[in-house]
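Thanks for coming. I will show one model and then walk through it, starting with the single chain and ending with the backbone outliers.

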Protein chains: 2
Amino acid sequence: MTVPKVVRMAAPTLRDVAQLAGVHPATASRALNPQTRPLVNADTARKVLRAAESIGYQPNPIARSLKTARTGTVGLVIPDLTNPLFPPIVRGIEEVLTRAGYSAWIVNTDNDLAREENQVESLRSRQVEGLIIATARREHPLLERLHRQGVRMVLVNRRVDGLDLPSVTADDDAGIGLAVAHLAGLGHRRIAHLAGPQTTSTGVVRARAFRHAIRDHGLDDDASLIVECAYWSEAEGAAALRTLLDSGATCTAVVAGNDLIALGCYDVFAERGLSCPDDMSVVGFNEMPFLDKMNPPLTTVSIPHYEIGSEAGRLLLDTIEDPERHPRSVLLSPSLVVRASTAAPGWSSP
Amino acid sequence: MTVPKVVRMAAPTLRDVAQLAGVHPATASRALNPQTRPLVNADTARKVLRAAESIGYQPNPIARSLKTARTGTVGLVIPDLTNPLFPPIVRGIEEVLTRAGYSAWIVNTDNDLAREENQVESLRSRQVEGLIIATARREHPLLERLHRQGVRMVLVNRRVDGLDLPSVTADDDAGIGLAVAHLAGLGHRRIAHLAGPQTTSTGVVRARAFRHAIRDHGLDDDASLIVECAYWSEAEGAAALRTLLDSGATCTAVVAGNDLIALGCYDVFAERGLSCPDDMSVVGFNEMPFLDKMNPPLTTVSIPHYEIGSEAGRLLLDTIEDPERHPRSVLLSPSLVVRASTAAPGWSSP
DNA sequence: AAAGGCACCGCAATCGATTGCGAGACAGCA
DNA sequence: TGCTGTCTCGCAATCGATTGCGGTGCCTTT
C-alpha cells in the first residue's frame, strides 16, 4: 500500500523569478513593488510580472519583515473571547484592518495580569505594529510602561486614568441616563445599581452617571442601593444582588453594570422566588446577543459593537501612520432597547 | 507645550548580547538555545545568559523564522466567531498550542467561499505550520487542494467526504440518540427534525442518526417531518419550522440541528402563539452559553467544547511533528442537558 | 615525543527580500 | 568631440539569528 508521497516543493523565491525573467533579483524586486516600479523599464517590468505570475510567486513576508521592520500585523488584547460582547467588536476591527492590508493577532488574557503580560510580550516579540486593548484598568502599570516605550495603542471600552491614549468607547453616561430615565418614567423611585468593578473606567463612569441621573430625576438617592461587583460576570452580578437584598435595602428596579451582571440577577430571582419584572425590573448594558430570548427578554442599553471595533481599527491605523498625532478619542451614542424585564413597579406588591 | 518625545530604541540584538558577553554571536546563539547549550562552556554560557538578561534581550522571531523555516504559528479557520459555539473551542485549542510554544492566528470566513480562500491564502503566506479548520463542507475543493499540497490540517466539528484527514468531532450519532430517547421517554411519537445544511457532514450525520433513532424507538417515521435548513442559524431554523407547520404536518416535538436552529423555533412559537413545551418540545445541540436563561430554558445535547479544541490542538501538533503518521480522528461523547423546553406531549391539547 | 581525540568557540554562509550606491548606455547640448 | 544628465539595472550590504565547518588549545594515549 503506497501512501501518496507528498512533495513539499520549496516555494518560488525572488531569485527564481529573476532568473526566469533574465534579470537581477534587485530588478525583480523593484518591478514587483508598485512603489518602485517606475524605476525599471516598462518592458522588463512586464517580463518580471509575467515570470512571477507563471510560477506563482508569493513574496515571503518573513524575509520582507526582517528587512523592512514592518509586519503588517497588530495585536488584539481581549479579556475573554467567550464574552459575547467582544466577537462583534473584533469583527469591526478586522474589517478595517484587513481593508488596509493589516491583520490582527487575537489573544485572551482571562482577566489575569500575569497572562496579560505574557501575551503582550508575545505580541511584541512578534513585532506587531500596534495594539488594540480591551482589558484596560484605571491603574494599569503595564499599559503605562508600553506607552512610555512608544508602543502604539488604542483602547476600546475602557480607559486608563491619567493616560492620554486614543480610545473608543460607548457614551456610558448617556446610556445610563437612558436606562434611569426609562425606569423613572415607569414610576420607579428606588432604583439600585449593581456597578461593575471600580477598577475599570467603565465601572466608575457608569456608577457616577447613575448617581447623577438619580439626582436629576429627583429619585431616592440612597448610597446603600449601589453595590460593586468584583468582575463583569454573571456570578458576581448574582452575588451583588444577594448582598443587596440581604442588607434589607428595598428597591423596585436594578440598573446592572452590564448584561452579564443583569443575567446574574435572574439567577437570584429564581432562587428567591421573585418575579421579573413584577417584583423587580432590570436593565442591562451592552446588548449582547440572544437577550431577546431570555426569560424575561432583557431591557438593555444597546451600543454599536461593530462601529466600536471599526473606529478602534481606524484610530490605530492613524496612530501607526502618524505617531505624533494628538490622541483622538471617539464616543459612540448608545440607545435603549426596551423589552420585558422592565415594567411599572408594584404590580404584585400589596 | 512639549510633547513627551518618545525614543523608540532599537531592540537589543544577538550581537549586542555577544558583545557584552565578549563572545561571538554564534556562541551567544548556542548558549541561549537550550538545545545547543551543551556545545559551549558552562561558564561562558552563564556569562551570555547574564548579559542577555541584563539588557532584556528577546530573540527576533522574524529573523529566526527566516533561517529555520519554522514560525511556531498555526491558522484557525472559523466560519463565524460570533457563533458562541466557537470561542470555547478556540480556548481549548490555544491552551495546548501555547503550552507547546505555538500561537494561533484566528480568521473568520463568514461562511463565504471567496473570503475563505483569501484568508487561507493569507495564512499560508504567513507561513503557518498547520491549519485547524472548522468550516469544512462535504465537498470542499479548497481543502482537497491544500491536502494535495501537503498542508497539515485538522478538522473540527465537520469533515470532508472522501478526504482522510485527522478530525475531532462530537459523537453526533450518540447525541441525537440521547435527544430522541429523551423525547420518546416523555411519550412523544411524532418528532420532527430541523436538519442542518446537508452540505456539511454534521448536518447529514445528525439527520441520519435521527432517522435511525426514530426507527429504533418505533416512532412515526415520516419523511415530511424532516426539513433542512440552509444555514446553521436562527433565521433558517425559524424558516424551516414555518415551512414544516405550513405543510400541515403534525408533531409534538422538534430535534433541532443545533441550538441556533432551536432558538429560531422560539421565534415561530411567539409568532403563532404556541407554547413551548406545552404545545411543542424542542431539543437543541451544542449547549451554547446562556441557554439556561432562555424562555424556556433549552434542553440540549452538550458537547465538550473545550476538549474538542484541545484535542484538535494536540492532533495538529502530532501532524506537524510526524506528517507521515496515519490520520487519527477523535470522537467525543456528548451528554443530554434536560431543561424546560421538553415535556410530555399533549398537556394543553384537547 | 608524536599522534590522536575532545571541548570549545569563531568564521562565514545562509534564509529571502530590500535598497543605497554606482556603473553603463544613450541622448542632448555646447 | 566631449561633457552633462537621465534612464536602467546590477552589485553588495543589510535585516537578525542559525549552523556547518574548521581551527586552536589541551589532554590522553602509545
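What percentage of the 350 residues of chain A count as buried? The figure is 49%. Please keep in mind throughout that this is a predicted model.

Some more on chain A as a whole. Chain A has 12 helices and 12 strands. Its radius of gyration is 27 Å, well over the 20 Å that the globule rule gives for 350 residues, so chain A is more spread out than a compact globule. Along the principal axes, the C-alpha atoms of chain A fill a box of roughly 95 × 60 × 35 Å. As for contacts in chain A between residues at least 6 apart in sequence, 71% of them join residues at least 24 apart.

Next, one strand in detail. Strand β5 of chain A covers residues 167-170. In general, side chains in a regular strand alternate between the two faces of the sheet. In β5(A) both faces are covered: S167(A) and T169(A) are buried on one side, and V168(A) and A170(A) are buried on the other. Which strands does β5(A) pair with? One is β4 of chain A, residues 153-156, which runs parallel to β5(A) and is joined to it by 2 bridges. Within that pairing, V156(A) has V168(A) as its bridge partner. Another is β11 of chain A, residues 329-332, also parallel, with 4 bridges to β5(A). There, T169(A) is partnered with L331(A).

The loop between β4 and β5 of chain A holds N157(A). I will come back to that residue.

Now a helix position. V180(A) sits in helix α8 of chain A, residues 172-186. Is V180(A) buried or exposed? V180(A) has 25 other C-beta atoms within 10 Å, and the cut-off for buried is 20 or more, so V180(A) is buried. Setting aside neighbours within four places in sequence, its contacts are I191(A), F210(A), A213(A), I214(A), H217(A) and V255(A). V254(A) is 74 residues away from V180(A) in sequence, yet their C-alpha atoms are 9.4 Å apart.

On to the two protein chains together. In general terms, two copies of a chain are related by a rotation about an axis and a shift along it. Here, chain B superposes on chain A after a rotation of 180° with 0.2 Å of shift along the axis, at an RMSD of 0.4 Å. The two copies are thus related as by a two-fold rotation axis.

How many residues does each chain give to the contact? Chain B gives 33 residues and chain A gives 32. On the chain B side, the elements that supply at least two residues each are α4, α5 (86-99), β2 (103-108), α6 (113-125) and α11 (259-272). By class, that side of chain B has 18 nonpolar, 10 polar and 5 charged residues. Of the interface residues of chain B, 97% are also interface residues in chain A, so the copies meet through the same surface.

Then the DNA. Around strand C there are 27 residues, and those that come nearest are T13(A), L14(A), A26(A), H24(B) and T27(B). Two or more residues come from each of α1 (14-21), α2 (25-32) and α4 (61-68) of chain A, and from α2 (25-32) and α4 (61-68) of chain B. The surface near strand C has 13 nonpolar, 9 polar and 5 charged residues.

Strand D is also surrounded by 27 residues, the closest being H24(A), T27(A), T13(B), L14(B) and A26(B). For strand D, the elements giving two or more residues are α2 and α4 of chain A, with α1 (14-21), α2 and α4 of chain B. The class counts near strand D are 13 nonpolar, 9 polar and 5 charged.

Last, the backbone. Most residues other than glycine have a negative phi, and most peptide bonds are trans. N157(A) is not a glycine but has a positive phi of about 75°. With 24 C-beta neighbours inside 10 Å, N157(A) counts as buried. A69(B), also not a glycine, has a positive phi of about 60°. A69(B) lies in the loop between α4 and β1 (73-78) of chain B, and counts as exposed with 12 C-beta neighbours inside 10 Å.

Where are the cis peptide bonds? One joins C276(A) and P277(A), with omega about 10°. Another joins C276(B) and P277(B), with omega about 15°. P277(A) lies in the loop between α11 and β9 (281-286) of chain A, and P277(B) in the loop between α11 and β9 of chain B.

How values were computed:
Residues are numbered from 1 along each chain as its sequence is written. Chains are lettered from A and ligands numbered from 1 in the order in which they are written. This is a predicted model: local features need pLDDT of at least 70, side-chain atom pairs count only at pLDDT 80 or more; totals for chains, interfaces and linings use all residues. A residue is near a molecule or strand if its C-beta atom, placed from the backbone, lies within 6 Å of it. Ala, Val, Leu, Ile, Met, Phe, Trp, Tyr, Cys and Pro count as nonpolar, Asp, Glu, Lys and Arg as charged, and the others, Gly among them, as polar. Copies are superposed by least squares on the C-alpha atoms of residues with pLDDT of at least 70 in both. Two residues are in contact if their C-beta atoms, placed from the backbone, lie within 7 Å. Two strands pair if DSSP finds at least two bridges between them. The radius of gyration is taken over C-alpha atoms; the globule rule is 2.2 Å times the number of residues to the power 0.38.
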